[in-house]
Amino acid sequence: MATPAVELVDVRKTFGHLEALRGVSLRIEQGEIVAILGPNGAGKTTCINLMLGLRRPTAGTARLFGLSPEDRRARSRCGVMLQESGLLGQLRVRELVDLFGSYYPHPMTPEKAIAIAGLQDQSKMQASKLSGGQRQRLYFALAVCGDPAAIFLDEPTVGMDVEARRAFLDVIREFAESGKTIVLTTHYLEEADELAERIVVFDQGRVIADASPSEIKSQVAGKRVSFATATPVQEAYLAGLNLVSMEREADRVRILTSTPEEVLWRLHQCGVEIHDLEVTGVNLEDAFVSLTSHRARMAT
Amino acid sequence: MSITELRLDVAPLPYVMWKQTRAQLLNSLRIPAFSLTTVFLPIMFFAFFGLPYVHQTIDHTNITIGPYMMASFGAYAVSSAMVFNFGIGVAMARGQKMDLLQRATPLPSGVAIAATVVNAMLFALFSLIALFVFASIAGGIRLPIETWLTLTFRLLVGAVPLIGLGMAIGYAAGPNSAPAVTNLIYLPMSFASGLFIPVAQLPTIIQKVAPYLPTYHYGQIAWNAVGAPTESMESAVVWLTIWTVLLFGLAVRFIRLDQSRKFS
């Protein structure tokens with residue numbers, strides 16, 4: 001069997017009193033496209049930092065291509081895009097891509113990396129003058145320019161507007177077809193659903209699900225009930241019913257439940273006037289909420 | 001799992017070193033506020049403090065002021081290139097989290113530091129050449145070719161302890177406080193060491209402190225090259241070696257502290 005790209009064995013990481021990871025075992029094979037999904041503070045970034053040797057585990061072991069993640073040979077097979085990082089800002093896009101390529105044994109030409117990231121028009125621009133979305137594209141170009149076997153993207157579309165995100169996802173998807181290993185963290189569910197063939201869901205430092213997007217969705221049977229109402233819906237109205245979550249946003253209420261009929265009947269009984277009702281099947285977002293809803297879940 | 005199966009290899013280090021040095025140099029050259037101050041400040045100081053008296057001698061000695069002050073401001077030029085490049089440069093790079101992405105790439109951190117040293121040396125060399133050219137044209141200073149070369153060599157090599165000082169500041173101070181901290185330490189120190197005004201003309205109390213400062217002994221190896229020493233070369237070299245060990249020891253402590261905060 002081929003060496004896995006990433007192997008974490010019972011990894012724990014504490015920062016002072018904070019337990020960022022509480023025993024994570026994860027094996028990512030070469031060629032897999034994996035999304036690490038979870039709310040803020042779930043341990044996603046810590047996990048990717050451990051994979052890359054940017055942090056050392058408090059307990060357990062991390063291997064990158066069968067080597068220590070701090071080994072230069074292992075790093076030479078990885079391209080990385082981090083959430084917060086600076087560059088030599090006075091250098092132009094092409095100069096930076098050329099520089100980063102030189103760190104790797106078999107880089108692609110800077111032009112190719114720039115084309116993959118869709119930055120042809122900005123290749124002569126100074127990095128410090130790029131817009132937020134262009135900057136993310138530059139980081140992507142820097143991640144792929146060494147033609148690495150695996151790329152790690154930590155929240156690659158964070159801070160992008162909808163359009164830039166869409167375009168950037170297309171860039172990643174196109175790259176994914178080249179058979180490279182891709183590990184990305186995200187808290188955008190659609191991103192994970194669209195890009196990955198495997199989703200690892202993190203919550204509070206643990207892996208709470210690890211499956212394909214469709215399997216994750218199927219773990220939550222039920223419906224999403226969504227309606228508008230002028231009457232405040234009190235949680236007590238729905239006591240005893242099987243609710244996964246309930247969210248209120250202005251006058252709109254969204255309930256995730258395995259018993260939508262009972263919920264609607266109870267609401268009717270309590271005199272809640274319902275407008276604009278929608279009952280739909282679960283999407284990945286619902287599944288995610290259900291998997292991580294320990295805090296939001298109704299006590300009853 | 002066998003090694004052949006992995007077929008791992010890495011980019012050749014000399015090539016990476018060349019690319020990194022070139023990129024950093026290009027980046028610095030494009031910050032005119034930085035590159036111009038490094039080159040013009042020493043020339044300006046020499047024009048103010050040395051040029052009017054270039055052919056006179058220092059009181060009660062037969063030392064000509066021109067070459068003496070040129071050596072002083074040469075020492076100032078190189079040491080400030082080192083201290084500021086490392087002090088402020090490293091603190092800013094840390095503030096912008098430049099070290100983070102770099103750490104995740106296959107670029108060895110030793111190469112990045114070595115490239116910074118080479119860059120600081122190149123900047124120092126530029127500013128020295130500019131100062132020497134100015135001093136010989138505007139001040140009519142004529143020295144044997146060996147003297148020019150000895151002076152340049154000593155100023156570059158003797159500045160090593162000041163790289164340690166710069167690194168210690170760069171890893172200890174934040175990006176906003178680094179310029180202030182650097183100036184607060186470096187300016188009084190170079191003044192008290194006689195780089196602006198000869199030590200003999202400084203207040204007695206400062207004259208007593210001067211022989212303990214690294215920049216004083218650094219100045220001595222430069223004044224020695226133009227024939228105006230007040231300390232033997234051996235003594236100056238010993239002092240500079242002690243300071244190198246102390247300042248690099250301090251720098252390594254701060255680097256480890258910074259790294260363990262971020263990467264452990």
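Start with chain A as a whole: 70% of its contacts with a separation of 6 or more are between residues 24 or more positions apart. Keep in mind while clicking around that this is a predicted model.

**Stop 1: chain A, zoomed out**

Select chain A and show the C-alpha trace. Along its principal axes, that trace spans about 70 × 45 × 35 Å. Switch to cartoon and you have ten helices and 13 strands to look at. Of the 300 residues in chain A, 44% count as buried.

Now colour chain A by domain. Domain 1 covers 6–217 and domain 2 covers 220–291. If you drop a pseudoatom at the C-alpha centre of each, the two centres in chain A come out 36 Å apart.

**Stop 2: a strand with two partners**

Stay on chain A and select 223–228, which is strand β10. Add residues 252–257, strand β12 of chain A: six bridges join it to β10(A), and the two run antiparallel. Then add 275–281, strand β13 of chain A, which is joined to β10(A) by five bridges, again antiparallel.

A good residue to centre on is A:K223. Which residue of β12(A) does A:K223 stand opposite? That is A:T257. In β13(A), the residue opposite A:K223 is A:G281.

**Stop 3: an exposed glutamate**

Next pick A:E174, in helix α6 (residues 162–176) of chain A. Is A:E174 buried or exposed? Count the other C-beta atoms within 10 Å of A:E174 and you get 11; 12 or fewer means exposed, so this residue qualifies. For a distance check, draw a line from A:E174 to A:S131: they are 43 residues apart in sequence and 22 Å apart in space, C-alpha to C-alpha.

**Stop 4: where A meets B**

Bring chain B into view and select the contact between the two chains. It takes 28 residues from chain A and 29 residues from chain B. On the chain A side, the elements that give two or more residues are α2 (72–75) and α3 (93–102). The top contributor there is α3(A), with four residues. Colour that side of chain A by class and you should find 13 nonpolar, seven polar and eight charged residues.

**Stop 5: a buried lysine**

Cross over to B:K19, in helix α2 (residues 13–29) of chain B. Why does B:K19 count as buried? Because 21 other C-beta atoms lie within 10 Å of its own, and the cut-off is 20 or more. Leaving out residues up to four places away in sequence, B:K19 touches A:L99 and A:S102. Within its own chain, try a distance to B:A115: the pair is 96 residues apart in sequence but 9.1 Å apart in space, C-alpha to C-alpha.

**Stop 6: a bent helix and a long span**

Select 32–49 of chain B, helix α3. Its 18 residues reach 25 Å from first C-alpha to last, close to the 26 Å expected at 1.5 Å a residue. Look along it for a bend of about 30 degrees at B:T38, with a proline, B:P42, following within four residues. Both of those residues are buried, as are B:I43 and B:F46. To see what the buried residues of α3(B) pack against, show α4 (65–95) and α6 (109–138) of chain B.

While α6(B) is on screen, put a ruler on it. What span should its 30 residues have at 1.5 Å a residue? The expected value is 44 Å, and the end C-alpha atoms are 43 Å apart, so the two agree. After α6(B) comes B:G140, with a positive phi near 60 degrees.

**Stop 7: a covered helix**

Last, select 214–225 of chain B, helix α11. This helix has twelve residues and reaches 17 Å from its first C-alpha to its last, close to the expected 16 Å. How many of the twelve residues of α11(B) are buried? Eleven of them, so to speak of it as mostly covered is fair. Show side chains for the buried set, which includes B:Y216, B:H217, B:Y218 and B:W223. Then turn on the cover, which includes α4, α7 (145–158), α8 (160–172), α9 (178–192) and α12 (233–263) of chain B. Finish just past the end of α11(B), where B:G227 takes a positive phi of about 80 degrees.

Definitions and conventions:
Residues numbered from 1 in each chain as written. Chains lettered and ligands numbered in written order. Expected span 1.5 Å × (residues − 1). Bend = angle between axes of the 7 residues up to and from the residue. Contact = placed C-beta atoms within 7 Å. Domains from an automatic or database assignment. Nonpolar A, V, L, I, M, F, W, Y, C, P; charged D, E, K, R; others polar. Pairing = 2+ DSSP bridges.
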